[in-house]
Every structure is written in structure tokens, then in C-alpha cells.
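Please work through the exercises below with the sequence and the coordinates at hand. Each task is followed by a solution in steps.

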Amino acid sequence: MSRNSEGIALLAVMAALMVLSAIALGLAASVQTEARIDAADWNGLQAEQLARSGQEFAAFLQARSLPKTADAMAGLPLEVVRPGFQYRAQLAAGAVDIYFESDNGKLDLSSAPPEVLTNFFALWTGDFTNGQAISAAIEDWRDADNDVRANGAEAPYYAPLNYVPRNGGLGLADAPLIRGISSADFQLKASQQNGTASLRPGLDAYITSAGAGSLINANFAPDLVLRSIPGLSESQVEAILAARADRIFDDATDLQARLGISSTAPFLKYLTLSRSAPAVLTVSSLKAGSPLSRSERRITYSFSGYNIATGLPESRTAVGRVQRNGVQ
């Protein structure tokens with residue numbers, strides 16, 4: 001064989017080896033990718049089940065009237081973080097934080113006072129006139145008649161859209177149908193505050209349809225909802241947020257004492273500390289090695305049902321909504 005032929009053969013062999021090496025590297029990368037995906041799926045499933053198990057722990061704690069001390073849970077994988085509000089379960093797969101909240105920290109569109117709705121939507125839109133118009137439209141949507149109030153909207157307004165107001169209590173799915181509110185309001189939105197970029201939560205973080213009533217729970221209300229309460233100043237809102245971060249308010253007397261306010265303060269008529277429409281939020285975190293976390297929030301809804309035995313309507317409750325989220 002000539003030297004030229006030997007050189008060509010050597011080049012061919014080297015080219016083949018390069019192709020095979022590339023294939024091998026590609027397969028190795030594919031296998032590693034699949035392994036990472038499988039590991040991530042497994043971690044995600046573990047985190048999800050851990051958050052779900054927290055709901056079972058919550059039921060146990062509620063059955064025991066939310067113990068205030070560690071002694072009441074001796075021998076159990078539970079610890080008290082903030083009595084009556086936050087507990088933590090330590091398990092083999094990781095930890096799960098359990099928060100006892102209430103959806104009456106949000107605005108119930110079926111029963112919230114018009115002045116609170118006006119203030120809230122004025123803050124939401126940045127325009128008081130818009131706030132008045134949206135509040136009036138909500139009132140027209142939820143009242144039993146077809147009379148249009150000032151700045152409101154009844155059937156004639158919605159006729160071109162091929163639907164009419166409910167003229168009764170409304171659910172969360174109704175909100176985007178009301179004049180002045182759209183589905184985009186329920187999505188995260190980038191915003192700028194004092195030159196700092198942030199994400200504004202959707203309306204879902206501030207309104208509810210869980211039959212929460214007309215009063216706002218000061219222990220769980222977001223700052224935007226607190227700022228919507230007539231007569232409650234910015235400094236008082238900040239004081240409420242700071243005080244409850246340390247320890248939730250036990251009752252109205254505790255709130256008044258810790259904030260240094262009079263029992264005759266006008267804004268108190270809008271507040272409550274009762275957990276109507278109770279909610280339980282559980283947040284899981286796996287052991288070191290995985291950054292995955294999952295959360296699950298269950299809300300207890302109040303509604304009226306028909307009792308076949310008595311033939312009368314009666315108040316009932318049930319878990320009406322489950323929210324699951326993944327946090328990386």
C-alpha cells in the first residue's frame with residue numbers, strides 16, 4: 001500500500017472515531033439530561049406530597065384547637081412557630097410549614113361595603129373616578145333589581161356582550177365580566193415603585209368568593225386591602241402589618257391595646273378577627289440538595305344548602321377551592 005493510501009485510510013479512521021465520539025458524547029449528555037429530568041420529577045412529586053401531607057397535619061392540629069405550646073405535641077414531629085397561626089412538621093423527606101389563614105382577609109365582592117370597594121379599586125387603577133365606577137358596577141351586578149345606579153351598569157350595558165348581570169351573589173368567575181374588570185387583572189403584572197421593579201399580584205390575591213362576609217380580617221388582610229378601609233391611615237396600616245408579623249391579634253381588645261387606638265375608632269367597624277372562610281396554606285421544602293418547594297392552599301367555603309329532612313335551607317361549609325403552586 002502506498003503512503004498516500006495509508007494516509008487516506010488513517011484520516012478516514014480518525015474521522016470515524018470523531019463521529020463515534022460525538023455520538024457517544026451526545027448519548028451521554030442525553031442520558032444525563034434524562035437522569036436530571038427524572039430526578040427533578042421525583043423531587044417535585046415528593047415536594048407536592050409533602051405539602052399535601054401538611055393539610056392532614058393541619059386537620060389534626062385543628063381537632064386539637066391549635067395547641068399553643070410544644071408540650072401539647074410531645075412525641076410528634078411538630079413544632080409551634082407562631083401559636084395559633086404557624087406550625088412546622090419535620091419529616092424524613094423535608095419540612096412543611098402550616099399556616100392557618102382566612103379568606104376574609106380579602107374582599108368578598110358579594111358583600112363588601114361600597115366605600116371599601118371604591119377605595120380598593122381607586123388604589124388598584126390609580127384613579128378614584130374609576131374606583132367609583134367599578135364599585136357601582138359591582139353593586140348593580142349583585143343587587144336583585146335591574147335599576148341602574150349612578151355610574152353603574154345593568155343589562156343594557158352588557159347586552160352587546162351577550163350576557164346580563166347575575167343580580168345576586170357572585171363567584172370569582174363573575175368578576176372579569178363586570179364593567180371595569182378584565183381577565184388581565186387576575187394575572188401578574190410588572191410594575192415600578194420608587195424606581196424599583198416588582199411583580200404585582202393579580203386580583204385573586206385580594207378578592208374572594210368564599211362567603212367571607214363584609215368585614216375584613218386584620219390578621220390576614222394584604223396591605224392594599226387594609227389601605228382601602230376608610231379612616232385607617234398609612235401609619236396604622238404599617239403598625240398592623242408590623243404587629244401581626246410578631247404575633248397575630250387575639251381579639252379586638254388585643255388589637256386596640258397593641259396599636260394604641262380607642263375602641264371608638266371609626267375604622268374598627270370594618271374589621272374583624274374571626275376566621276370566617278378559614279384557609280390552610282402548607283409550604284413544603286425538601287432536605288438539602290433540592291431547591292424545590294411546593295405549596296397547597298385549601299379554602300373552606302360557606303354556602304346555603306337544602307335539607308331534605310326538614311325541607312328548609314341551611315348553612316353549610318365545604319372545601320371549595322384548592323390552590324397548588326410550585327416554587328423553585
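The exercises that follow concern a predicted model.

**Exercise 1. Overall composition**

Task: State how many helices and strands there are in the chain, and what percentage of its residues count as buried.

Solution. Step 1: the secondary structure of the chain comprises 7 helices and 12 strands. Step 2: the chain has 328 residues, of which 39% count as buried. Step 3: among contacts with a separation of 6 or more, 54% are due to residues 24 or more positions apart.

**Exercise 2. Packing of two helices**

Task: Determine at what angle helices H2 and H3 pack, and which residues make the contact.

Solution. Step 1: two packed helices are described by the angle between their axes and the distance between the axes. Step 2: for helix H2 (residues 114-125) and helix H3 (residues 128-142), the angle is about 135° and the axes are 7 Å apart. Step 3: the arrangement of H2 relative to H3 is therefore oblique. Step 4: the crossing of H2 and H3 is right-handed. Step 5: H2 contributes Pro114, Leu117, Thr118, Asn119, Phe121, Ala122 and Thr125 to the contact, while H3 contributes residues including Phe128, Ile134, Ile138, Glu139 and Arg142. Step 6: sorted by class, the contact between H2 and H3 has 7 nonpolar, 7 polar and 2 charged residues.

**Exercise 3. Salt bridges**

Task: State how many salt bridges a search of the whole structure finds, and examine the pairs Asp103 and Lys106, Arg149 and Glu139, and Arg247 and Asp254.

Solution. Step 1: the search of the whole structure yields 16 salt bridges. Step 2: one salt bridge joins the side chains of Asp103 and Lys106, with an N to O distance of 3.7 Å. Both Asp103 and Lys106 are buried.

Step 3: the side chains of Arg149 and Glu139 form a salt bridge at 3.6 Å, N to O. Because Arg149 lies in the loop between H3 and helix H4 (155-158) and Glu139 lies in helix H3, the pair ties together parts that are 10 residues apart in sequence. Arg149 has a relative accessible area of 30% and is partly exposed, whereas Glu139, at 18% relative accessibility, counts as buried.

Step 4: Arg247 and Asp254 also meet through their side chains in a salt bridge, at 3.6 Å from N to O. Here Arg247 is partly exposed at a relative accessible area of 38%, and Asp254 is buried at 13%. Step 5: elsewhere, Glu48, Arg52, Glu296 and Arg298 are joined into one network by salt bridges that share partners.

**Exercise 4. Two individual residues**

Task: Decide whether Glu101 is buried or exposed, and find how far apart Ser233 and Phe267 are in space.

Solution. Step 1: Glu101 belongs to strand E3 (residues 94-102). Step 2: the relative accessible area of Glu101 is 17%, so this residue is buried, the limit being under 20%. Step 3: with neighbours within four places in sequence left aside, Glu101 is in contact with Phe85, Phe220, Arg275, Pro278, Ala279, Leu281 and Arg297.

Step 4: Ser233 is located in the loop between helix H5 (223-226) and helix H6 (234-246). At 28% relative accessibility, Ser233 counts as partly exposed. Step 5: the C-alpha atoms of Ser233 and Phe267 are 9.6 Å apart in space, and the two residues are 34 residues apart in sequence.

Key:
Residues are numbered from 1 along each chain as its sequence is written. This is a predicted model: local features need pLDDT of at least 70, side-chain atom pairs count only at pLDDT 80 or more; totals for chains, interfaces and linings use all residues. Side-chain values use heavy atoms; hydrogens and water are left out. Axes are lines fitted to C-alpha atoms, for helices over the stretch in contact, and angles run from 0 to 180 degrees between N-to-C directions. Helices (H or I, at least four residues) and strands (E, at least two) are DSSP runs, numbered from the N terminus. Angles under 35 degrees count as roughly parallel, over 145 as roughly antiparallel, 65 to 115 as roughly perpendicular and the rest as oblique. A crossing is left-handed if the near helix is turned anticlockwise from the far one by less than a right angle, and right-handed if clockwise. Contact means heavy atoms within 4.5 Å. Ala, Val, Leu, Ile, Met, Phe, Trp, Tyr, Cys and Pro count as nonpolar, Asp, Glu, Lys and Arg as charged, and the others, Gly among them, as polar. A salt bridge is a side-chain nitrogen of Lys or Arg within 4 Å of a carboxyl oxygen of Asp or Glu. Buried means under 20% relative accessible area, exposed over 50%, partly exposed in between (1.4 Å probe, protein chains only).
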